[in-house]
Amino acid sequence: MTDPILEVQAAAAALLRASSTLAEIVGERVFLTVPEDAAMPYVSFGPADAVGDDAECIDGLEITFQIDAWSRSGGGSEAKRAGHAARKALHQTELALSENAAVLCEHRTTRVIPDPDGKTVHVALTFRAIVEVP
């Protein structure tokens with residue numbers, strides 16, 4: 001059985017990779033695990049957690065996960081555009097899961113975080129997915 005967090009992240013990654021708007025900004029650089037030599041800009045997955053969200057006769061989870069957009073050019077506009085494209089790709093979608101059932105994925109917050117190096121801009125987006133677990 002696949003861990004629901006991993007399945008949600010994989011389904012979200014597939015939607016991000018399918019977004020032509022996001023691809024115009026980051027190309028194919030959507031990473032579940034960032035390679036050491038990754039060129040910017042790129043989008044990666046950050047922390048995730050799951051909280052029980054059971055209902056009558058339903059085993060449910062509320063999964064919160066983070067998408068990170070990173071850039072060192074454009075004064076942060078590149079990372080902000082990538083973050084917005086990620087939001088558009090995932091907000092109000094039903095994630096395609098094979099073992100669990102996703103009810104809804106929605107955007108919760110966006111934070112723009114200038115890096116102390118003075119060059120890197122990090123945009124952190126959090127999403128919430130409601131999942132029924134068999």
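Hi everyone, let's start with a pair of strands: β4 and β5 run antiparallel to each other and are joined over 12 bridges. Strands here are DSSP runs of E with at least two residues, helices are runs of H or I with at least four, and both are numbered from the N terminus. Two strands count as paired if DSSP finds at least two bridges between them.

A quick word on what you are looking at. This is a predicted model, where local features need pLDDT of at least 70, side-chain atom pairs count only at pLDDT 80 or more, and totals for chains, interfaces and linings use all residues. Residues are numbered from 1 along each chain as its sequence is written, and side-chain values use heavy atoms, with hydrogens and water left out.

Back to β5. Across from it in β4, Leu104 stands opposite Ile130. The hairpin of β4 and β5 has 6 residues between the strands, and Gly118 there takes a positive phi near 80°. β5 also pairs with β3, again in the antiparallel sense, over 12 bridges. On that side, Phe65 stands opposite Phe127 of β5.

How many residues of β5 are buried? It is 10 of the 12, so the strand is largely enclosed by the rest of the structure. By buried I mean under 20% relative accessible area; exposed is over 50%, and partly exposed is in between, using a 1.4 Å probe and protein chains only.

One residue to find in β5 is His122. His122 counts as buried because its relative accessibility is 12%. Its side chain makes a polar contact with the side chain of Asp68, at 2.7 Å. A polar contact is a pair of N or O atoms within 3.5 Å; within protein, one must be able to donate a hydrogen and the other to accept it, and residues adjacent in sequence count only if both atoms are side-chain atoms. Leaving aside residues up to four places away in sequence, His122 touches Gln66, Asp68, Ala69, Trp70, Arg111, Val112 and Ile113, where contact means heavy atoms within 4.5 Å.

Now for the aromatics. The structure holds 4 aromatic pairs. One of them is Phe45 with Phe65, a stacked pair with 6.4 Å centre to centre and 20° between the planes. This pair links distant parts of the chain, with Phe45 in strand β2 and Phe65 in strand β3, 20 residues apart. Rings of Phe, Tyr and Trp (its six-membered ring) pair if their centres lie within 6.5 Å; planes under 30 degrees apart are stacked, over 60 edge-to-face, and the rest tilted. Phe45 is buried at 11% relative accessibility, and Phe65 is buried at 1%. Elsewhere, ring pairs link Phe31, Tyr42 and Trp70 into a cluster.

Last stop, helix α3. Which residues of α3 are buried? They are Glu78, Ala79, Ala82, Gly83, Ala85, Ala86, Ala89 and Leu90. These cover an arc of only 160° around the axis, going by the directions from the helix axis to the C-beta atoms, which puts them on the same side of α3. They pack against α1 (4-18), α2 (20-26), β2 (42-52), β3 (60-71), β4 (101-114) and β5 (121-132).

Arg81 is also in α3, but it counts as partly exposed, at 47% relative accessibility. After the helix comes Gln92, with a positive phi near 65°. Thanks for listening!
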